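Reader: I am new to this structure. Would you please take a close look at a single part of it, and then continue from there to other parts in the same manner?

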Amino acid sequence: MIKAGTGPRVVNITYAVSYAPAGPTGREEGIEQANVVGPEGIALTGTWYPFIEGLAVFRLRALLPRGFEGISEADDVSVKERPDGLREFSFAFDHPVDGISLVAGKYRVRTVRHKAVDILTFFFPEEEELGGKYLEYTKRYLDFYEDLIGPYPFRRFAVVENILPTGYSMPTFTLLGRDVVRLPFIVETSLGHEILHQWFGNSVYADRTSGNWAEGLTTYLADHQYEEMKEKGWEYRKQTLLSFRSYITPENDFSLKDFTSRTDRATASVGYGKTAMVFHMLQQELGADTFVRALREFYSKNLFSRASWADIQKACEEVSGSDLAWFFKQWVEGKGAVNIQVRDAMIRYEGTLARVFFDIEQKERTDRFLLPVVLRTDKGEIRKTFRIDKESAALEIETEENPRELLIDRDYDLFRTLSNDETAPVISAILGDKKRLFVIPDEKEEEYKGLTGFLTANGFTEKKEAEVTYDDIRGSSMLVPADTALVKRLYARLDMPEGDFSIVTKFSPYSVQKCIGIIHAASAVVMEDYLQRITHYGKYTTLVFKDGRNIEKSIEASERGMGMLLSAEVRGVGVPQLEPLSKIIDAVSGKDIVYVGEYHDRFDNHRVQLQVIRELYQRNSNLAIGMEMFQQPFQKVLDDYIGGVIDERTFLKKSEYFKRWSFDYNLYREILLFARENKIPVIALNIRKEIVSKVSKNGIRALSPEDLKEVPGEMDLSDREYKERLREAFAGHASPEGRNFDFFYQSQVLWDESMAHNLNDFLAKNPGSQVVVLAGAGHMIYGSGIPKRAYRLNRREYAVILNSGSEEIDKNVADFVLFPAAVPFMETPKLGVQLTDDAGTVTIAAVSPESAGGKAGLKGEDVIVSLDGEKMEAVEDVKIHLLYRKKGDAVSVKVKRKRFLFGDTEMEFKVVL
Ligand SMILES: [Zn+2]
């Protein structure tokens, strides 16, 4: 014990300790080794001597074996060769530091003098030739940062290959992991980062009790800066926001003042990523020049002492002359990210001036920040930065040009929550999700047992394929082996990239907040090996590995900035380009499948379809017609009708046409007559209506095993644009409360998939056939409904001809768009009554007095017994009977009418249609 008030004393401590040599991976029983001593080398970087709290000046003397070179924090190093063959190293360093390390090994040393600094490299013989490259890069980095921040603080700088796989930066040297020194990006990024730490971290020390700012500042001025110099700074910043979105939840978020060092992806995403963004925003607030002056001031004032965020604030305030307390309070003490929404963009024209108005709203929190906005016009761009500090702000930009699009924060200058359109499905979204599942393929539980280590270490819950529910898919991120029925049900067949291991990440069909990683590997054992590695590739969508090496990595494209379309460019086609239909038929005559989209109730559309069929049939009699209007269980009835086995009445009755398709049969009659006359096969493309309606109400999960037999084995739910169009249609419907859009979406895709599958089945059996497909335009626009799905199944060439309707004439909407004039048609005459049927009885539900039936004397509750003597047992009987009558014909209607007190009576009426 040292008594107070007695002045400085000397305390001598003698101790001995021994460490194991480095293991082959630098890890022992899963623990990363910090201190090793062995014949291969020495790395003492952890706590290896009695630790002194606080900054202190050290002297180190080390006796090393023959052939060893030693490195420690030092401006002066001297070596004495001793008679016993040992080498005595003395390290001198006059600056106070937290602690020191000792690294030694049989290094080959290179050295060069650059201005006032000795630069050295210490590589093992196998990597010795790398020295030259490292010396050159080091010179460049030293020059770059001396210019930016101020003089390099030491007389010496060494690059040292670590016998362990870890890398650090210490005053006067950096350790680089043995297995990374050869990687090309190390000299281009990591080396610069570690050298910059000589300024920030190793001579101005981060006061960790109030938040370690040094990693974020170094990341900003190194890793980010190098991308900025390649004009890719915006991508780097967007990546930072994506990583925050993937790994940070309200539960694990923390303030910058609480960051000490990275321990996992979440702490890195805040301590490195968000902190770098805060320095970027600080630079935006101060302006680039003032920001650099503030950094220089901060550096020179705090050299060789501990500095905190408060010291950074002080330097910035002194240099800029402005009060920045709000900035540091918001960003260093606060958590999370700015969350904004753009709303109500509109243009007001005043003479030649266009004024663009839009609102910015902050969601859940109110921050103060600068918001850069780009207004894209037909001639160029206008940039404007707004100060936002309220819950909502009404903003305005003026232009003399034609405004096209607003792009909010296109360059990611603001630390904010990304909009859905700005995000891509990436692996980190799965690894960072609170709920993450690994799906074990059915009947492969044994094979996948070996994966448990990876799954537990990375927080995955295992779930058997058969037990995965709709709520799992919507509520969690998942890893799913490619050869499962589940993948087929969500994304149909996926062409997995070739390799020993591949992963393709997709958004969950039901939520862009959730991702599904589809993985493929030769075996479960191979899969586990590679899964260990995907954690280093979190920012990617797709990865492929072969022979242990990554051979492909890519990120799916997403929007840049929060966009808001103001006006689309008006486009048109030259009228002389309008071609007669027969020319268009010429153009499509070589295609295996010709889709002709219709608006069901427009007769002119059906005339067009017939013309296409006739003219294609003239060229190629091996033709078939696929029709949405008939459902697959009734294929046999269609065949019998086309084959002449049954007559039209029987066909209509047995195919349940009037129960299953509500449109007037006269719209389609000529097409079917032509097919029958020429024995052209007609394919019932549709799935049974009851199945679609069940799914629409309660999802695929509502289907019985019997129903599932009629459902195709694969479904692709991943067409996002189609989904968005359907969402608009869904929102437009008067929909009762509680209807679920996901189920509606499932039902639509099921409908399309069924038609594509039925079409494909026909072509598989009749490979030489050409097929004309008749279906609603909605199943064809942009190729989304049936065409692309059929193409996925059979790769056959197709063309889409649309009859114009409510959709915009847009690029890719179809191959041809037709503008047929309205054609009058012979509508089936009506009695003018509403009918219902039950157990063989047809009852009039309501009569309009002005209708033919009303005038003739028919009344509500009358039971229709017969028409023209023909017995009526179902509503469809009435419809079929009327199909063979024309306007002006008289129909004799026999009804049973209930009479008060007198019982039922039969009455007969003559209805003139
Ligand atoms: Zn660092």
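Author: Both faces of strand β25 are covered: Ser-477, Leu-479 and Pro-481 lie on one side, Met-478 and Val-480 lie on the other, and all are buried. Here buried means under 20% relative accessible area, exposed means over 50%, and partly exposed lies in between (1.4 Å probe, protein chains only). Strands (E, at least two residues) and helices (H or I, at least four residues) are DSSP runs, numbered from the N terminus. The model is predicted, so local features need pLDDT of at least 70 and side-chain atom pairs count only at pLDDT 80 or more, whereas totals for chains, interfaces and linings use all residues. Residues are numbered from 1 along each chain as its sequence is written, and side-chain values use heavy atoms, with hydrogens and water left out.

β25 comprises residues 477-481, and five of its five residues are buried. Two strands are said to pair if DSSP finds at least two bridges between them. Strand β23 (residues 436-440) runs parallel to β25 and is joined to it by three bridges; there, Arg-436 has Ser-477 as its bridge partner. Strand β27 (residues 511-521) also pairs with β25 in the parallel sense, over four bridges, and Pro-481 has Ile-519 as its partner in β27.

Strand β12 (residues 156-162) may be read in the same manner. Seven of its seven residues are buried. Arg-156, Ala-158, Val-160 and Asn-162 point one way, while Phe-157, Val-159 and Glu-161 point the other way. In a regular strand the side chains alternate between the two faces of the sheet. β12 pairs in the parallel sense with strand β11 (residues 117-123) over five bridges, and Ile-119 stands opposite Phe-157. Between these two strands the chain passes through helix α1 (residues 131-148), and this β-α-β crossover is left-handed; a right-handed one would run clockwise from the first strand over the helix to the second, with the strands pointing away from the viewer. β12 is also joined by five bridges to strand β14 (residues 173-177), again parallel, with Ala-158 opposite Phe-173.

These strands belong to an open sheet of five, in the order β10-β11-β12-β14-β13, with mixed pairing. β10 (108-114) and β13 (168-170) are the edge strands, each pairing on one side only. From one strand to the next the twist averages 15°, where axes are lines fitted to C-alpha atoms, for helices over the stretch in contact, and angles run from 0 to 180 degrees between N-to-C directions. β10 and β11 run antiparallel and are joined by seven bridges; Val-112 has Ile-119 as its bridge partner in β11.

The zinc ion is coordinated by His-193 (NE2), His-197 (NE2) and Glu-215 (OE), at 2.0 to 2.1 Å. Donors are N, O and S atoms within 2.8 Å of the metal (3.2 Å for Na, K and Ca); water is not among the atoms, so sites may look incomplete. Along the chain the donors follow the spacing H-x3-H-x17-E. His-193 counts as buried because its relative accessibility is 8%, and His-197 counts as buried because its value is 6%.

Helix α3 covers residues 214-229, and 22 Å is the span expected for its 16 residues, which agrees with the 21 Å between its end C-alpha atoms; the expected span is 1.5 Å times one less than the number of residues. Of the 16 residues of α3, 13 are buried. α3 has a kink of about 30° centred on Tyr-220, the bend being the angle between axes fitted to the seven residues ending there and the seven starting there. Just after α3, Glu-231 takes a positive phi of about 60°.
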